[in-house]
Amino acid sequence: MTDVEARLERLENELSVLRDREAIRDVLYRYCRAVDRADTALLKDCYWPDGFDDHGFFGGNAMEFCDYITPLLRETTATTHAMSNPIIDLDGDTARVESQVDVLHRLQSESGDLIYEWIQCRYLDEFAKREGEWRILSRAVVTDGIFWSKMAAVITADRGLPLGDPTLLRGDRHPNDPVYRHVAGETVTREREALSDFWSGLDAVGKRL
């Protein structure tokens, strides 16, 4: 093998590693979209059919987990999963991955108060590459902290945003969230007049809290 051929081989190996790492990160981020939008089909695409998920409150087949969790997520008013610091240890067609995760669940009590559940945890994932595709084969959730807080529901004002404007982009579940129109190529932007007082209504908010 010539020096040029050896260098090309090293570059191809390095490129293959980068492709694999990016593909794994893509699955992790798509998982966040899937759970926050309660999109069962997208969530199942993150796991292999024979995958396993141990979330602490559920431990079993990953497809059964997906069917179990999305109806529960729809019972909340909103959820946010933010994933960071993925450490990916590749070993051929398998990978061991640790990711830090911040989860925020927003629920509303019968009295109208907003209840926030903030979870700090880590996902310990085993990924498998089959026919060129990476998916989660096994996931264990390590809980580092769970915190609860209550806030009074604010209906009349929201930092100056026009709550009654039907064109205001708001988060929703699958398939109604704006992201599905966005990825389909539709335009979700529109011209808007700048708010003359962004903090209008702040006093009313303060009185409610």
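How many helices and strands make up the secondary structure of the chain? In this predicted model, there are five helices and six strands. Followed along the sequence, these elements appear in the order α-α-β-β-α-β-β-β-β-α-α. The chain has 209 residues, and 33% of them are buried. Its accessible surface amounts to about 13200 Å², with carbon and sulfur atoms contributing 52% of that area. Among the contacts in the chain with a separation of 6 or more, 55% are between residues 24 or more positions apart. An example of two positions separated in sequence is given by Val17 and Gly92, which are 75 residues apart along the chain while their C-alpha atoms are 9.4 Å apart in space. Val17 belongs to helix α1 and is partly exposed, its relative accessible area being 35%.

The interior may be considered next. The largest nonpolar core has 32 residues, and those touching the most other members are Tyr31, Leu43, Tyr47 and Phe127. Which elements give two or more residues to this core? They are helices α1, α2 (40–44) and α3 (62–74), together with strands β3 (78–91), β4 (94–108), β5 (114–130) and β6 (133–151). Helix α1 provides the largest share, namely seven residues.

Phe127 allows the surroundings of one core member to be examined in detail. When residues up to four places away in sequence are not counted, Phe127 touches Ile24, Val27 and Leu28, and also Asp93, Thr94, Ala95 and Val97. The remaining residues that Phe127 touches are Trp134, Arg135, Ile136 and Leu137.

Helix α1, which spans residues 3–36, also contains Val4. With a relative accessible area of 48%, Val4 is partly exposed. Together with Leu8 and Leu11, Val4 makes a nonpolar surface patch of about 290 Å². Helix α1 can therefore be followed from this patch, in which Val4 takes part, to the core, to which α1 gives seven residues.

The cysteines raise a separate matter. How many disulfides are found in the whole structure? The search finds zero. Cys46 is in no disulfide, since the nearest cysteine sulfur, that of Cys66, lies 7.7 Å away, and a disulfide requires the two sulfur atoms to be within 2.5 Å. Cys46 is buried, with a relative accessible area of 0%. For Cys121, the closest cysteine sulfur is that of Cys32, and the 9.9 Å between them is too far for a bond. Cys121 likewise counts as buried, at 6% relative accessibility.

Charged side chains form the last part of this account. Side chains of opposite charge can pair when their charged atoms come close. In the whole structure, 13 salt bridges are found. One of them joins the side chains of Asp50 and Arg130, with a distance of 3.1 Å from N to O. Because Asp50 is in strand β1 (residues 47–54) and Arg130 is in strand β5, this pair ties together parts that are 80 residues apart in sequence. Both partners are partly exposed: Asp50 has a relative accessibility of 48%, and Arg130 has one of 31%.

A second salt bridge is formed by Arg122 and Glu98, whose closest N and O atoms are 3.0 Å apart. This pair also links distant parts of the chain, as Arg122 is in strand β5 and Glu98 is in strand β4, 24 residues apart. Arg122 is partly exposed at 23% relative accessibility, and Glu98 is partly exposed at 27%.

Where do the partners in the salt bridge between Lys150 and Asp113 lie? Lys150 is in strand β6, whereas Asp113 is in the loop between β4 and β5, and the two are 37 residues apart. Their closest N and O atoms are separated by 3.8 Å. Lys150 counts as exposed, with a relative accessibility of 59%. Finally, Glu98, Arg122 and Asp144 are joined into one network by salt bridges that share partners.

Terms used:
Residues are numbered from 1 along each chain as its sequence is written. This is a predicted model: local features need pLDDT of at least 70, side-chain atom pairs count only at pLDDT 80 or more; totals for chains, interfaces and linings use all residues. Side-chain values use heavy atoms; hydrogens and water are left out. Helices (H or I, at least four residues) and strands (E, at least two) are DSSP runs, numbered from the N terminus. Buried means under 20% relative accessible area, exposed over 50%, partly exposed in between (1.4 Å probe, protein chains only). Contact means heavy atoms within 4.5 Å. Accessible areas come from the Shrake-Rupley method with a 1.4 Å probe; for residues, only the protein chains shown count as cover. Patches are made of residues with over 30% relative accessible area and no salt bridge: like charges are joined within 9 Å, nonpolar side chains (Val, Leu, Ile, Met, Phe, Trp, Tyr) within 5 Å. A salt bridge is a side-chain nitrogen of Lys or Arg within 4 Å of a carboxyl oxygen of Asp or Glu. A nonpolar core is a set of buried Ala, Val, Leu, Ile, Met, Phe, Trp, Tyr and Cys residues joined through side-chain atoms within 4.5 Å.
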